[in-house]
Every structure is written in C-alpha cells, then in structure tokens.
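Colleague: Got a minute? I'd like to go through this one with you.

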Amino acid sequence: MTLTIWVDDWQMQCCGDPFAPGDVVSWALMEVDPEDYVHLVGEERAAVLADG
C-alpha cells in the first residue's frame, strides 16, 4: 500500500528526532477528505488523491 503523507515544516521544527528519506518512522495517521485540502495541494492533486 502506498500512502501520501503531508508534513509541514513547522510540524518538525520543535520536537522529535530528524528523519530523512528512507528512514523508518512510526506515526498515528487518519484518513481525510482531499477536498478539505484543495487550497493547499490544488485541485489537480486533490483529485488524484481522492481517486486513491
């Protein structure tokens, strides 16, 4: 399964250990409606995310 995870830079500035591509991390995730984030990712990307 492939998931797209969005992490804003401010979310990692204060806490936790730095990580890089390829590192193994563990987070609690929740499913969201891509339409709620159109203003951040744009209509085209939101449509791709909505299609899975």
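Colleague: Let's start with Gln13: buried or exposed?
Modeller: Keep in mind this is a predicted model. Gln13 has 60% relative accessibility, so it counts as exposed, since the cut-off for that label is over 50%.

Colleague: Okay, and where along the chain is Gln13?
Modeller: Gln13 sits in the segment before H1, and that helix covers 38-51.

Colleague: How far is Gln13 from Val24?
Modeller: Their C-alpha atoms are 19 Å apart, with the two residues 11 apart along the chain.

Colleague: Switching topic: what about Leu3, buried or exposed?
Modeller: Leu3 counts as exposed because its relative accessibility is 53%. Leu3 is also found in the segment before helix H1.

Colleague: Which nonpolar patch is Leu3 in?
Modeller: One on the surface, where Leu3 joins Ile5, Val7, Met12, Phe19, Val25, Trp27 and Leu29. Together they have about 690 Å² of accessible area.

Colleague: Now pockets. How much space is in the largest pocket?
Modeller: The largest pocket holds about 1100 Å³. It is lined by 24 residues, and Thr4, Ile5, Trp6, Met30 and Val32 are the closest to its centre.

Colleague: What classes of residue make up that lining?
Modeller: The lining of the largest pocket has 17 nonpolar residues, plus four polar and three charged ones. Ile5 turns up twice, by the way: it is in the surface patch and among the residues closest to the pocket's centre.

Terms used: Residues are numbered from 1 along each chain as its sequence is written. This is a predicted model: local features need pLDDT of at least 70, side-chain atom pairs count only at pLDDT 80 or more; totals for chains, interfaces and linings use all residues. Side-chain values use heavy atoms; hydrogens and water are left out. Patches are made of residues with over 30% relative accessible area and no salt bridge: like charges are joined within 9 Å, nonpolar side chains (Val, Leu, Ile, Met, Phe, Trp, Tyr) within 5 Å. Accessible areas come from the Shrake-Rupley method with a 1.4 Å probe; for residues, only the protein chains shown count as cover. A salt bridge is a side-chain nitrogen of Lys or Arg within 4 Å of a carboxyl oxygen of Asp or Glu. Helices (H or I, at least four residues) and strands (E, at least two) are DSSP runs, numbered from the N terminus. Buried means under 20% relative accessible area, exposed over 50%, partly exposed in between (1.4 Å probe, protein chains only). On a 1 Å grid over the protein atoms alone, a cavity is a set of points where a 1.4 Å probe fits but cannot get out, and a pocket is an open set with protein on both sides within 12 Å along at least five of seven lines; lining residues have an atom within 4 Å of a point. Grid points are joined across faces, edges and corners, and a volume is the space filled by probe spheres set on the points. Ala, Val, Leu, Ile, Met, Phe, Trp, Tyr, Cys and Pro count as nonpolar, Asp, Glu, Lys and Arg as charged, and the others, Gly among them, as polar.
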